[in-house]
Amino acid sequence: MPAHSSPQQAALRPPENRRERTYRRIYPMRVLGMGLGGLAIASVLFEQRAPWPLWAWMLASCFAWPHLAFLFARHAGDPYAAERRNLLLDSAIAGMSIPLMHFCLLPSAILATVTTFDKLSTGMRRLWLQSLPFLFGGVLLGTLVLRPQPQLEGSLLVVACSLPLLVVHTLSTGLGSYHLLRTIARQNHLLEQMRRTDAQTGLLSREHLLEHAGAALRAYARDAWPACLVMIDIDHFKSINDSHGHGAGDEAIAAVAQAIRGCIRAADVAGRYGGDEFLALCLGAPPQEVEGIAQRIREAVLGIRLGAAQPRLSCSIGIAPLGPGISDLRAWLGAVDQALYRAKAEGRNRVAHSDPA
């Protein structure tokens, strides 16, 4: 009977938080849904001139039960399990309301459908399936106690009083689905940002940077558009970690990343390749211009001051332009790696180029 669509919005929250707040989240929806269900039942009872005990049952189940259910869950040792039991009792109450209305077709069908669908919208595993015996059990119990004569047709009054439950349930379900989709879209966007960005440096992740490099390869094959890879490695980085701790190493990596970001052009991209190695992709620039960018990076790293007790930083840099001998990304990375090792072999703190293709 209650329109419990809002729990969909909590599907992506941490499980402990979601479980703890379940009964609080469902309470206003139960009050609204059962209140509207009571309106539909009352219209049938009015048409059938029902005796006062049936009215009393309707008032207790539709207007008192939601508040009792909240109190039961609030004071239970396990509020989540208590609320799950409350939801099953909701189905039993809805089932008993159907013979109460002499099986009047429209409100009975709406109550049964809304009640079952609510269990799906809670997100609780198999709750809707577990609720069916309670629903049909309530129908059977009400039939055995009341022995009603079926009166399937309903007047215009019954139709008018049944529609609000259907309309409100449909709207609340739609809004719940809309908010859930918006939440998923936001989280997907955040996940995509995390995939594209290295958390420690704020530069591009290795995977995303290599995607850019692959696109540059295709542009070169199609239009001979120039591009260079620049690989930067912090000199003697292991000794920084060993002598000053990993905190100092992390600080050095972040500082070098900031220096690289400040030296490349707007058209270029840079990312963390792994460990203390960085990779920049310079697009549309000849090797001579990229040499100037690399030298600016080298000088900027030399200017970094992490602390009085820590050594000055330097870096070795390799440059590999695209050329006829580079046919794929693996060959291009091999060329820039070769240039980097040449810079190290020549004494570090310098820039070296790959062999001409």
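Trainee: Which order do the five strands of the open sheet take, and what is the pairing called?

Mentor: In this predicted model, the order is β2-β3-β1-β4-β5, and the pairing is mixed.

Trainee: What makes β2 and β5 the edge strands?

Mentor: Each of them, β2 (269-274) and β5 (351-353), pairs on one side only. Across the sheet, neighbouring strands are turned against each other by 20 degrees on average, with direction ignored.

Trainee: How do you know that β2 and β3 are paired?

Mentor: Two strands pair if there are at least two bridges between them. Five bridges join β2 to β3 (residues 277-283), so the two count as paired. They run antiparallel. Ala270, for one, has Ala280 in β3 as its bridge partner.

Trainee: Which helix lies across β1, β2 and β3?

Mentor: That is α8 (residues 206-223), which runs at about 125 degrees to β2.

Trainee: Why are α9 and α10 called oblique to each other?

Mentor: Their axes cross at roughly 140 degrees. Roughly antiparallel needs an angle over 145, and roughly perpendicular covers 65 to 115. The crossing angle fits neither class, so the pair is oblique. The axes of α9 (residues 237-244) and α10 (residues 246-263) come within 6 Å.

Trainee: Which residues of α9 and α10 meet?

Mentor: From α9, Phe237, Ile240, Asn241 and His244 meet His246, Ala248, Gly249, Ala252 and Ile253 of α10. These residues divide into five nonpolar, four polar and no charged.

Trainee: How do you know that Cys104 is in no disulfide?

Mentor: A disulfide needs two cysteine sulfur atoms within 2.5 Å. The nearest cysteine sulfur to that of Cys104 belongs to Cys161 and is 11 Å away, so the condition is not met. For Cys315, the nearest is that of Cys263, at 9.3 Å, and Cys315 is in no disulfide either. The structure holds zero disulfides.

Trainee: Why do Cys104 and Cys315 count as buried?

Mentor: Buried means under 20% relative accessible area. Cys104 has 2% relative accessibility, so Cys104 is buried. Cys315 has 0%, so the conclusion is that Cys315 is buried too.

Trainee: Is Ser354 buried or exposed, and what makes it so?

Mentor: Ser354 has 12% relative accessibility and therefore counts as buried. The residue is found in the segment after β5.

Trainee: What is Ser354 in contact with, leaving aside its neighbours within four places in sequence?

Mentor: Ser354 is in contact with Ile319, Ala320, Pro321, Ala335, Gln338, Ala339 and Arg342.

Definitions and conventions:
Residues numbered from 1 in each chain as written. Predicted model: local features only at pLDDT ≥ 70, side-chain atom pairs only at ≥ 80, totals over all residues. Heavy atoms only, no water. Axes fitted to C-alpha atoms, helices over the stretch in contact; angles between N-to-C directions. Helix = DSSP H or I, 4+ residues; strand = E, 2+ residues; numbered from the N terminus. Parallel < 35°, antiparallel > 145°, perpendicular 65-115°, else oblique. Contact = heavy atoms within 4.5 Å. Nonpolar A, V, L, I, M, F, W, Y, C, P; charged D, E, K, R; others polar. Buried < 20%, exposed > 50% of the residue type's maximum accessible area, 1.4 Å probe, protein only.
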